[in-house]
Amino acid sequence: MTRPNLPIYLDYQATTPLDERALDVMMPYLTSKFGNPHSINHSFGWEADAGVELAREQIASLIGADDEEVIFTSGATESNNLAIKGMAYALYPDKTHLVTVATEHSCVLESCRALEQSGLAVTYLPVQPDGLLDLDRLRDSITDQTGLVTVMAVNNEIGVIQDIAAIGQICRDKGVVFHTDAAQGVGKIPLDLAEMPVDLMSISGHKLYGPKGIGALYVSEELKTRPLPLMSGGGQERGLRSGTLAPALCAGLGAACALAEKEMEQDNIHVAKLSRQLYETITSELEGVTLNGSADKRWPGNLNLTFSGVKSDLLVKGIRDLAISTGSACSTAKPKPSHVLTALGLDRKQIDCSVRIGFGRMTTRAEVEFAAGLIIDTVRKARNPY
């Protein structure tokens, strides 16, 4: 086996490499096309604005939306805050209740907790052992006071895919606004909002081979009540998100979405093969390895594995040539155990022995072969140090 270049990156849920083709699209807006896209009186502003609007079209095309339904933000955290807080504020005081899921990203959960401190009520639904939401339980949790339901499309820690179409239909039938955090889903799974009952959807650039610092929020034109803005300013982005846009970042996100629209199927086949290769190699050589989350309803580029008897922090430190993680990049500074794995019913010992391995467009077969061997050797040594 040819030794691949080290270190090997296997943490694609934390961030993806910037696709060089997206970088090429960005570069002119960092050099010659430096105008303010909101300067409407001269050609420098016009060409910058043209780049922004092309990017908006490319994002809309990927998700089956209209251009005017795409609002640029700094990333999924801002998009989630704007969707959840902005909609809650807009619906108050007629609606004072929200529903979410215990396995959501921290920015969703913290937004909900902030609203609780403001006096609103929030229901945090549990998940089943496979990480999936019980749809009957969701339906029963919606009351006359419920204004918003927010459920993640693809979980960042375990890769489980929720049934967004079915959840959206429940919300539509109940007359409730539905938001989904699709930061880990856009560009990886088909999401056609022309066919799906989704009102608000959050997007992140650096999760689909675009740049960091840029994201988007889909806001359906069919919404009778729109979110209230969280920032005051010049009223850009249809009044929802004031501030000067960065054309280079917008162009990079647009290019990444255009690439995803063309290459999603190919990417999916690629990561599924690599994921299966790693999992089958490891489980054929090691006992006591458990896959966390549904084996079927999942994004294959995310493997969350528990290695019985091997502390994950020691495992990660022991294989420095591999970039893998013990959980969400947004929560690695927190000493608490993963709230996602806790919600699945894992105990502290199991959680402490779990790692997340991610695959992507740039991952190679040689890298996976090398990584599998290194993980197997490291786990064996940890279990049998003498």
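Is Glu-263 buried or exposed? Select Glu-263 to find out, and keep in mind that you are looking at a predicted model. Its relative accessible area is 15%, so Glu-263 is buried, the cut-off being under 20%.

**Stop 1: around Glu-263**

Now show the helix that holds this residue: Glu-263 belongs to helix α7, residues 247-285. Display the side chains of Arg-21 and Arg-361 as well, since Glu-263 touches both of them, leaving out residues up to four places away in sequence.

**Stop 2: along α7 to α11**

Stay with α7 and add helix α11, residues 365-383. The axes of the two helices are 10 Å apart, and the helices pack at an angle of about 25 degrees. An angle under 35 degrees counts as roughly parallel, so that is how α7 and α11 run relative to each other. Their crossing is right-handed.

Which residues make this contact? On α7, select Leu-274, Gln-277, Leu-278, Thr-281, Ile-282 and Glu-285. On α11, select Arg-365, Val-368, Glu-369, Ala-371, Ala-372, Ile-375, Ile-376 and Arg-380. Colour them by class and you will find eight nonpolar, two polar and four charged residues in the contact of α7 with α11.

**Stop 3: the loop before α7**

Next, pick Gln-236, which lies in the loop between β8 and α7. Gln-236 has a relative accessibility of 17%, so this residue counts as buried. Show its contacts beyond four places in sequence: Gln-236 meets His-38, Arg-241, Ser-242, Gly-243 and Thr-244.

**Stop 4: the sheet**

Follow the chain back to β8 and bring up the whole sheet. What is the order of its strands? Reading across, you pass β2-β8-β7-β6-β5-β3-β4, an open sheet of seven strands with mixed pairing. At the edges are β2 (70-73) and β4 (121-125), each of which pairs on one side only. Ignoring direction, neighbouring strands are turned against each other by 20 degrees on average.

Zoom in on β8, residues 215-219, and its partner β7, residues 200-204. These strands run antiparallel and are joined by five bridges. Two pairs to click on are Leu-200 with its bridge partner Val-219, and Met-201 with its bridge partner Tyr-218.

Then look at β2 and β8: this pair is antiparallel too, joined by four bridges. Here Phe-72 stands opposite Ala-216 of β8.

How many of the five residues of β8 are buried? Five of the five are, so the strand is largely enclosed by the rest of the structure. Rotate the view to inspect both faces of β8: Gly-215, Leu-217 and Val-219 are buried on one side, and Ala-216 and Tyr-218 are buried on the other.

**Stop 5: helices on the sheet**

Keep the sheet in view and add α3. This helix packs on the sheet and touches β2, β3 (97-101), β5 (146-150), β6 (177-181), β7 and β8. The direction of α3 makes about 160 degrees with that of β7. Now add helix α6, residues 164-174, which also packs on the sheet and touches β5 and β6. The direction of α6 makes about 155 degrees with that of β6.

**Stop 6: Gly-75, between β2 and α3**

Select Gly-75 in the loop between β2 and α3. With 9% relative accessibility, Gly-75 counts as buried. Beyond its neighbours within four places in sequence, Gly-75 is in contact with Ile-203, Ile-214 and Gly-215. Try the distance tool on Gly-75 and Leu-217: they are 142 residues apart in sequence, and their C-alpha atoms are 8.8 Å apart in space.

**Stop 7: α3 and α4**

For the last stop, show α3 (residues 76-91) together with helix α4 (residues 106-117). Their axes come within 9 Å and cross at roughly 30 degrees. That angle makes α3 and α4 roughly parallel to each other, and their crossing is right-handed.

To see the contact, select Thr-77, Asn-80, Asn-81, Ile-84, Lys-85, Ala-88 and Tyr-89 on α3. Then add Cys-107, Val-108, Ser-111, Cys-112, Ala-114 and Leu-115 on α4. By class, the contact of α3 with α4 holds eight nonpolar, four polar and one charged residues.

Technical notes. Residues numbered from 1 in each chain as written. Predicted model: local features only at pLDDT ≥ 70, side-chain atom pairs only at ≥ 80, totals over all residues. Heavy atoms only, no water. Buried < 20%, exposed > 50% of the residue type's maximum accessible area, 1.4 Å probe, protein only. Contact = heavy atoms within 4.5 Å. Axes fitted to C-alpha atoms, helices over the stretch in contact; angles between N-to-C directions. Parallel < 35°, antiparallel > 145°, perpendicular 65-115°, else oblique. Left-handed = near helix turned anticlockwise from the far one by under 90°. Nonpolar A, V, L, I, M, F, W, Y, C, P; charged D, E, K, R; others polar. Pairing = 2+ DSSP bridges.
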